[in-house]
Amino acid sequence: GPASATCATLEQNRFFGVFSSTATLPSTPCSWTLQNPDPRRYSVYMKITKPADPCTPRQIRTFQFDSFIETSRTYLGMESFDEVVRLCDASTSVTYLESSKQFLQIRKVAPSNSLETLEEQKDVSEFKAEFLVVGKSEPKHACQMLCQWLEKCLSSSTHDYPCGIMNTPCQCWEAPKRKPGSCYRGGVYVEKCLPVPRDNGGEAEIIKGWAGWGRWSACSQECSGGVQVRSRSCQPEDGVCEGTVEEGRACNTQP
């Protein structure tokens, strides 16, 4: 959906690109729109290098939307990225965003404050935008650049200005190398893990400082419901472990 019939650019079938605002958005109103070939299979990421000079807030608007109905000039599923981009916020020089819809659009509009005189209005200084269209199932060709973007985005992220990239299909950091004397549990290496043989139920394991569970005791009743108990110890003996030392389960529940 162009902002102007005479100043509109629609990018299709491109997976990477760079453009400057002075060349692509030369007048007001004007728009640049990128079409995602298939939002089920691809995500769009963008890096915007902000203007070096002060600019008029909200003169550049950024949106994503599902579709545009030409006859009624209606956008479906439109969401604004203005609070993510903050083009005139000088606290950061670069901003990043992630789009999951059919279209991503940057639009140049007239300043919102109509009371400003022409002398007081300052056009947006030049900014540069780069985009990546990344496959969700086979992203490896774009991962090197996307991971660089993500690293820089996270390094400058704050509570008031969080990183605009929420998800990537790339594994941007390698898993930590295994350290001597440690055990891998749930994606984390646990220090001072003491391996022990599994019991006959295959349930023995080590979590933090705990040694494995001992064997279940004999059932307290031969029928009508009894209890079995097993215990474990904290290693080393003077260590601090979270959790229970002993647990029980029902047994021989038949009449």
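The following exchange examines a sheet and three residues of a predicted model.

Residues are numbered from 1 along each chain as its sequence is written, and side-chain values use heavy atoms, without hydrogens and water. Because the model is predicted, local features need pLDDT of at least 70 and side-chain atom pairs count only at pLDDT 80 or more, while totals for chains, interfaces and linings use all residues.

User: What is the order of the strands in the open sheet of four strands?

Analyst: Strands are DSSP runs of E with at least two residues, numbered from the N terminus, and two of them pair if DSSP finds at least two bridges between them. The pairing in this open sheet is antiparallel. Its edge strands, S2 (16-20) and S9 (94-99), each pair on one side only. The order is S2-S11-S4-S9.

User: Which residue in S9 stands opposite Val44?

Analyst: Strand S4 covers residues 42-49 and pairs with S9 in the antiparallel sense over six bridges. The residue in S9 opposite Val44 is Ser99.

User: At what angle does helix H3 run to S11?

Analyst: Helices are DSSP runs of H or I with at least four residues. Helix H3 (residues 140-155) lies across S2, S4, S9 and strand S11 (128-135). Axes are lines fitted to C-alpha atoms, for helices over the stretch in contact (heavy atoms within 4.5 Å), and angles run from 0 to 180 degrees between N-to-C directions. For H3 and S11 the angle is about 125 degrees.

User: Which side chain of opposite charge is nearest to Arg107?

Analyst: Arg107 belongs to strand S10 (residues 103-108) and is buried (under 20% relative accessible area, 1.4 Å probe, protein chains only). Lys and Arg count as positive and Asp and Glu as negative, with His and the chain ends not counted. Arg107 has no salt bridge, that is, no side-chain nitrogen within 4 Å of a carboxyl oxygen of Asp or Glu. At 8.9 Å, the nearest side chain of opposite charge is Asp82.

User: Is Arg14 buried, exposed or partly exposed, and what is its relative accessible area?

Analyst: Arg14 sits in the loop between strand S1 (8-11) and S2. Leaving aside neighbours within four places in sequence, Arg14 is in contact with Leu34, Phe131 and Val133. Exposed means over 50% relative accessible area, and partly exposed lies between the buried and exposed limits. Arg14 is therefore partly exposed, at 35%.

User: How far apart in space are Val229 and Gly214, C-alpha to C-alpha?

Analyst: Val229 is part of strand S14 (residues 226-231). In sequence, Val229 and Gly214 are 15 residues apart. Their C-alpha separation is 9.3 Å.
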